[in-house]
Amino acid sequence: MLMKLNLKSDRGITFTGVLVLLLLEFFGGVELNFLIFLLIIWFFFQKSVNRRLIKVLMPLLIIVSIGATVFFLNLPSFILFIKDFVFFTKPIIGILAGYFLFNQLKDKNNFYTIILYSGVIFAVLHILSFSQVLIETGFNLHGIREKLNLDNYIEVFALLVFGYSLKKNILFFNRRVDRALLGLLVLSVFLYLSRSMILMTVILWMLFIFDFKISLKQFISSLLVVLFGFVFILYLNTMDLSISSDGLDSFLYKIRMAPTCLLYTSDAADDLLCVD
């Protein structure tokens with residue numbers, strides 16, 4: 001089947017996009033990422049480049065130029081120069097790779113399909129991994145987070161796309177399947193047990209669902225959500241919680257400490273065990 005797949009067709013580009021995101025997630029490394037981006041640029045290269053893209057890349061190009069100038073002034077080893085060059089140019093190469101890949105799509109909506117497929121695959125793998133670790137170690141927050149990824153924002157954006165499309169009655173499969181996949185993504189995002197990821201999801205969800213506009217009724221609803229969160233944190237302060245506790249208590253401790261951690265420097269925040 002893959003032999004018959006035209007990689008420059010929309011289906012081929014969708015497959016390539018999902019595969020690239022999986023490779024970047026599970027075999028992440030600066031050198032490997034750089035190589036993958038170069039391969040995409042080579043295969044999907046186009047002679048014309050949008051001027052807006054050049055404007056976006058200009059600050060990054062300036063940073064790389066400054067780094068190259070410092071290199072020639074200090075003359076460190078050539079190997080260190082190559083490592084620094086790959087590290088600093090990776091964002092530029094990554095943006096170019098994404099631009100050339102996306103530009104090949106005839107139907108630009110397939111970009112959302114790439115995000116959705118990738119997010120669902122990540123969610124399934126994460127839930128399976130979470131279940132395995134849970135069986136091995138029990139509900140131990142530190143043990144779970146040591147063995148699993150701390151976050152995956154592809155899943156967050158996939159969740160938002162599913163939720164927004166359902167609101168607009170745009171179906172990727174059918175309503176039942178879309179809702180099931182939405183529930184799968186919600187579960188996976190929660191199981192990362194990450195305050196920042198959950199908070200980002202809630203904020204973006206409200207923006208997407210409200211179409212980036214807000215009426216009085218929606219404002220009151222948002223205010224009630226904030227008040228509920230405030231009351232919940234006050235309630236947690238009445239409980240005897242510790243970061244060293246097993247199970248749910250340590251996660252609730254992290255939630256209780258979240259507002260306090262925002263007011264401290266990084267060193268003080270580390271002392272309070274604020275690391276997400």
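**Exercise 1.** In this predicted model, work out whether L125 counts as buried, partly exposed or exposed.

*Solution.* Step 1: find the residue; L125 sits in helix α5. Step 2: take its relative accessibility, which is 36%. Step 3: compare that value with the cut-offs, where buried means under 20% and exposed means over 50%. Because 36% falls in between, L125 counts as partly exposed.

**Exercise 2.** Find the nonpolar surface patch that includes L125, and say which elements give two or more residues to the patch.

*Solution.* Step 1: list the members. Together with L125, the patch is formed by L7, F15, L19, F26, F27, L32, L35, L39, W42, F43 and I121. Step 2: look at the area, where these residues together have about 1100 Å² accessible. Step 3: assign the elements; α1, α2 and α5 each give two or more residues. Helix α2 supplies the largest share, with five residues.

**Exercise 3.** Describe the second largest pocket: what is its volume, and which residues lie nearest its centre?

*Solution.* Step 1: start with the volume, about 630 Å³. Step 2: turn to the lining, which has 22 residues, with L21, L24, G98, F111 and I115 nearest the centre. Step 3: see where the lining comes from. Two or more residues each come from α1 (10-26), α2 (30-44), α4 (78-103), α5 (110-137) and α7 (153-167). The largest share, eight residues, belongs to α4.

**Exercise 4.** Sort the lining of that pocket by residue character: how many are nonpolar, polar and charged?

*Solution.* Of the residues lining the second largest pocket, 18 are nonpolar, three are polar and one is charged.

Technical notes:
Residues numbered from 1 in each chain as written. Predicted model: local features only at pLDDT ≥ 70, side-chain atom pairs only at ≥ 80, totals over all residues. Heavy atoms only, no water. 1 Å grid on protein atoms, 1.4 Å probe; cavity = no way out; pocket = protein on both sides within 12 Å on 5 of 7 lines; lining within 4 Å. Points joined across faces, edges and corners; volume = space filled by probe spheres on them. Helix = DSSP H or I, 4+ residues; strand = E, 2+ residues; numbered from the N terminus. Nonpolar A, V, L, I, M, F, W, Y, C, P; charged D, E, K, R; others polar. Patch = residues over 30% accessible without salt bridge, like charges linked within 9 Å, V, L, I, M, F, W, Y side chains within 5 Å. Areas by Shrake-Rupley, 256 points an atom, 1.4 Å probe, with all protein chains shown as cover. Salt bridge = Lys/Arg side-chain N within 4 Å of Asp/Glu carboxyl O. Buried < 20%, exposed > 50% of the residue type's maximum accessible area, 1.4 Å probe, protein only.
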